[in-house]
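I opened this model to look up a few helix contacts, ring pairs and long-range approaches. My entries follow in the order in which I checked them.

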Amino acid sequence: MSAFDFLLQGLGTAADPMMLLYALIGVTLGTAVGVLPGIGPALTVALLLPVTYRLDPAGSLIMFAGIYYGGMYGGSTTSILLNTPGESASIITALEGNKMARKGRGGPALATAAIGSFIAGLIATLLLAFLAPWIVKVALVFGPREYFALMVLAFVTVSAAFGDSALRGLTSLFLGLALACVGIDQLTGQARLSFGQPELLDGIEVTTMAVAMFALGEALFIAGQRDQAEDEVTAVKGSVWMSRRDWARSWKPWLRGTVIGFPIGAMPAGGAEIGTFLSYATEKRLTRHPEEFGDGAIEGVAGPEAANNASAAGTLVPLLTLGLPTSATAAIMLAGFQQFGLQPGPLLFATNPTLVWGLIASLLIANAMLLVLNLPLIGLWVKLLTVPKPWLYAGILLFATLGTIGANPSSFELGMLLGFGVLGYVMRLFGYPIAPIVVGLILGPMAEQQLRRALAISQGDWTTLVQSPIAATLLAIAALALIVPLILRARGKGEMLSQLAGEED
């Protein structure tokens, strides 16, 4: 069967009334959390992990994907009306979008963001559907060496891509890998690092750790920041709809943003932030109205928002085909798959095609839902911005605690939740990224298993790890992903120092 036939079957699965309900819940929640400053899709998916423990796997994963897409949509609202990005990928939208809102053109800014996101999401989802089977065919030839190299690539890129320091990212990763060693050894059956606690024999629960690190840690961090000035919301004035001139200036940036965002989101060291910055730079270079950039150019909203949503679909390419998370939300979604005993990768397309293609097809439906939700409900999303932060984060703490108790009613698990929550707060306080520790815990056992299998086959010969062309290529990419950011950062610091020296002279 062709990818088109599989996609049609997936649409049949996604059109089930219960699946539509899950998708609607996901996109509504995702838009709401995208609108609220400081709360991203990763935090929301993490909060819902324990709640969905006993629900239908397909419906839960469709809801998670809807949250991801909705979060990308909703982040533009705070960027435009509040000049405060709801999540990091919407930072660039604030540059032009808030200027448009202050000039009374908040409506067209929100409209071009919503329509551009819809078009980019639609095209990128179709690309995901038709590219995934080709990548799966390549991945089916992977052996233990190739899978271990792939895990190393995931570790390095996640560590290097998150946070300002690669060293801090690697420190966070190795902490996650150490925690992944807790429990019973998969090959020998011996207990490791359990310290005589029976509750640790099954290892550390990924769901508990994800909820603690993303939800509790964030809530404690925000609560610890005092004397914050209240943000002022810019009202939406005039018509929400775009004029004919706005359409003429937006449609090319939408397409260019899609072309830029999708491949960067699919790259191991990509991420939505890079795509939005590149899209903005491209539009600034190609515009016929350079004088408007920095003062409310609609191209500066249309292109980055399209790139933002295209990268969300691009992120799902390595996640579904290789089991490789390239963003914090993808890492939590990977934990969601494992919660139901599923491992994303080429075998999932063969063993559970209904779920995978239903998930891909649901993204098309979620895109249409988001377009319908965003423009008519702008007034509701603006009201959400007035929710007091103490109420918001107190609700997050309560929901996280109740969800963990519901999934695993144990005082020990509750203690683990509190301990990891404090760890998440301390890591944020000192600038250590959260995503690598979670990725290390999730992928650590698999990397260890594949490494030991490869060494067992080669009778302990380490050189065989680089004798496979695929494994050698993946390890080389991992080395470049680690070294190149360090060189760029060092060069940037050098240029800054030389500029300072020149000013002193």
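Entry 1, T112 and its surroundings. The model is a predicted one. I began with T112, which I found in helix α6. I looked up its accessibility next: T112 has 0% relative accessibility, so I entered it as buried. I then checked what lies across from T112 in space, and noted V301, 189 residues away along the chain, with 7.2 Å between the two C-alpha atoms.

Entry 2, α6 and α12. I took the helix pair as a whole after that. Helix α6 covers residues 106-139 and helix α12 covers residues 299-322; their axes come within 7 Å and cross at roughly 25°. I therefore put α6 down as roughly parallel to α12, the cut-off for that label being an angle under 35 degrees. Which hand does the crossing of α6 and α12 have? I recorded the crossing as right-handed. For the contact of α6 with α12 I listed the residues by class: 17 are nonpolar, 7 are polar and 1 is charged.

Entry 3, S243. I moved to a loop position. S243 sits in the loop between α9 (206-223) and α10 (244-266). Its relative accessibility is 35%, so I logged S243 as partly exposed. The C-alpha atom of S243 is 7.9 Å from that of P108, and the two residues are 135 apart along the chain.

Entry 4, α2, α3 and α4. I looked up two helix pairs that share α4. Helix α2 (residues 17-35) and helix α4 (residues 57-81) have axes that come within 6 Å and cross at roughly 30°. I therefore noted α2 and α4 as roughly parallel to each other, and their crossing as right-handed. For helix α3 (residues 41-48) and α4, the axes come within 9 Å and the crossing angle is roughly 160°. That angle makes α3 roughly antiparallel to α4, since the label applies over 145 degrees. I entered the crossing of α3 and α4 as right-handed.

Entry 5, aromatic pairs. How many aromatic pairs does a search of the whole structure find? I got 3. One of them is F6 with W357, a stacked pair with 5.5 Å centre to centre and 10° between the planes. F6 belongs to helix α1 (residues 3-14) and W357 to helix α15 (residues 353-374), so this pair ties together parts that are 351 residues apart in sequence. I checked whether each ring residue is buried or exposed. F6 has 23% relative accessibility and so counts as partly exposed, whereas W357, at 4%, counts as buried.

I then followed W357 to another partner. F349 and W357 form an edge-to-face pair, with 6.2 Å centre to centre and 85° between the planes. F349 has 11% relative accessibility, so I put it down as buried. I entered F6, F349 and W357 together as one aromatic cluster.

Entry 6, Q9. I went back to helix α1, where Q9 is placed. At 47% relative accessibility, Q9 counts as partly exposed. Which residue did I pair with Q9, 344 residues apart along the chain? I noted P353, with the C-alpha atoms of the two residues separated by 9.5 Å. I set this next to the F6 and W357 entry, which links helix α1 with helix α15.

Entry 7, a charge over a ring. My last look-up was R168 with Y432. The charged end of R168 sits over the ring of Y432, at 5.6 Å from the ring centre.

Conventions:
Residues are numbered from 1 along each chain as its sequence is written. This is a predicted model: local features need pLDDT of at least 70, side-chain atom pairs count only at pLDDT 80 or more; totals for chains, interfaces and linings use all residues. Side-chain values use heavy atoms; hydrogens and water are left out. Axes are lines fitted to C-alpha atoms, for helices over the stretch in contact, and angles run from 0 to 180 degrees between N-to-C directions. Angles under 35 degrees count as roughly parallel, over 145 as roughly antiparallel, 65 to 115 as roughly perpendicular and the rest as oblique. A crossing is left-handed if the near helix is turned anticlockwise from the far one by less than a right angle, and right-handed if clockwise. Ala, Val, Leu, Ile, Met, Phe, Trp, Tyr, Cys and Pro count as nonpolar, Asp, Glu, Lys and Arg as charged, and the others, Gly among them, as polar. Rings of Phe, Tyr and Trp (its six-membered ring) pair if their centres lie within 6.5 Å; planes under 30 degrees apart count as stacked, over 60 as edge-to-face and the rest as tilted. Buried means under 20% relative accessible area, exposed over 50%, partly exposed in between (1.4 Å probe, protein chains only). A charge sits over a ring if NZ of Lys or CZ of Arg is within 6 Å of the ring centre and within 35 degrees of the ring normal.
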